[in-house]
Amino acid sequence: PDGLNYIAIAELYAAGQWAAAINGYWSPAFSILLAPFVAAGFDGIMAIKLLNTLIGFVLLFSLSSLCRALNLSSTISAVLLIVAIPFIASSAFLNSTPDLLVVLVLTTYLTCLLRVQKSNQIKMGCLIGIIGFIGYLSKYYLFPFFLLQFTGTLFLRFITNSNNGLRLSGYLSGMLVFLFTSSFWIGAIH
């Protein structure tokens, strides 16, 4: 049932009927990513499987990057990636939802949070804000998740007196980018 709604919305995007496709119930990212497959003539269900397969491959690279950010050994990283493959494959072929896209966004977000201390705080904060916005477009519940988790990360840094991790400049740039970009979609659905 969810998949059919995502396909119907993707068909609207593919037909250029953007105003009709916009709604406050179904998050747009998955349907927007489906639209090129639908426009190319793929059956909707096949389009979902192809899209989820592509997302799954990108997710494997994101998980590999997360393993490096966590400084895991190559052996442990390889085992984790091998173990992830059946879960990713089953989700790609059995689910018609943006769940893999959400996992991809969250692993990328976590990787960036772990790397923020080694990067320019403002640039990484902006990137994290964009990732948060993409997450919001993937599933609406990631809007409050991002607000709370990103704020909690900064709060945790302050209460632990840590010199590592997110600083106020990174937080403010990320939150401003997130709220600014999200405001366009919020305006479109209201």
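Leu 70, Leu 72, Ile 76 and Leu 80 make a nonpolar surface patch of about 320 Å². The model described here is predicted. Within the patch, Ile 76 has its place in helix H5, which covers residues 74–94. Ile 76 is partly exposed, because its relative accessible area of 44% falls between the limits of 20% for buried and 50% for exposed.

The empty spaces come next. The structure holds one cavity of 30 Å³ or more. About 50 Å³ of space lies in the largest cavity. Its lining consists of Val 105, Leu 106, Tyr 109, Ile 131, Gly 132, Gly 135, Leu 142, Phe 145 and Phe 146. Helix H6 (99–115), helix H7 (121–138) and helix H8 (142–159) are the elements that give two or more residues to this lining.

The largest pocket has a volume of about 260 Å³. It is lined by 14 residues, and those nearest its centre are Leu 113, Thr 153, Asn 164, Gly 165 and Leu 166. H6 and H8 each supply at least two residues of the pocket lining. H8 gives the most, with five residues.

The table sets out the volume and the classes of lining residues for each space.

| Space | Volume | Nonpolar | Polar | Charged |
|---|---|---|---|---|
| Largest cavity | about 50 Å³ | seven residues | two residues | no residues |
| Largest pocket | about 260 Å³ | five residues | eight residues | one residue |

Helices H6 and H8 thus appear in the lining of the largest cavity and also in that of the largest pocket.

Definitions and conventions:
Residues are numbered from 1 along each chain as its sequence is written. This is a predicted model: local features need pLDDT of at least 70, side-chain atom pairs count only at pLDDT 80 or more; totals for chains, interfaces and linings use all residues. Side-chain values use heavy atoms; hydrogens and water are left out. On a 1 Å grid over the protein atoms alone, a cavity is a set of points where a 1.4 Å probe fits but cannot get out, and a pocket is an open set with protein on both sides within 12 Å along at least five of seven lines; lining residues have an atom within 4 Å of a point. Grid points are joined across faces, edges and corners, and a volume is the space filled by probe spheres set on the points. Helices (H or I, at least four residues) and strands (E, at least two) are DSSP runs, numbered from the N terminus. Ala, Val, Leu, Ile, Met, Phe, Trp, Tyr, Cys and Pro count as nonpolar, Asp, Glu, Lys and Arg as charged, and the others, Gly among them, as polar. Patches are made of residues with over 30% relative accessible area and no salt bridge: like charges are joined within 9 Å, nonpolar side chains (Val, Leu, Ile, Met, Phe, Trp, Tyr) within 5 Å. Accessible areas come from the Shrake-Rupley method with a 1.4 Å probe; for residues, only the protein chains shown count as cover. A salt bridge is a side-chain nitrogen of Lys or Arg within 4 Å of a carboxyl oxygen of Asp or Glu. Buried means under 20% relative accessible area, exposed over 50%, partly exposed in between (1.4 Å probe, protein chains only).
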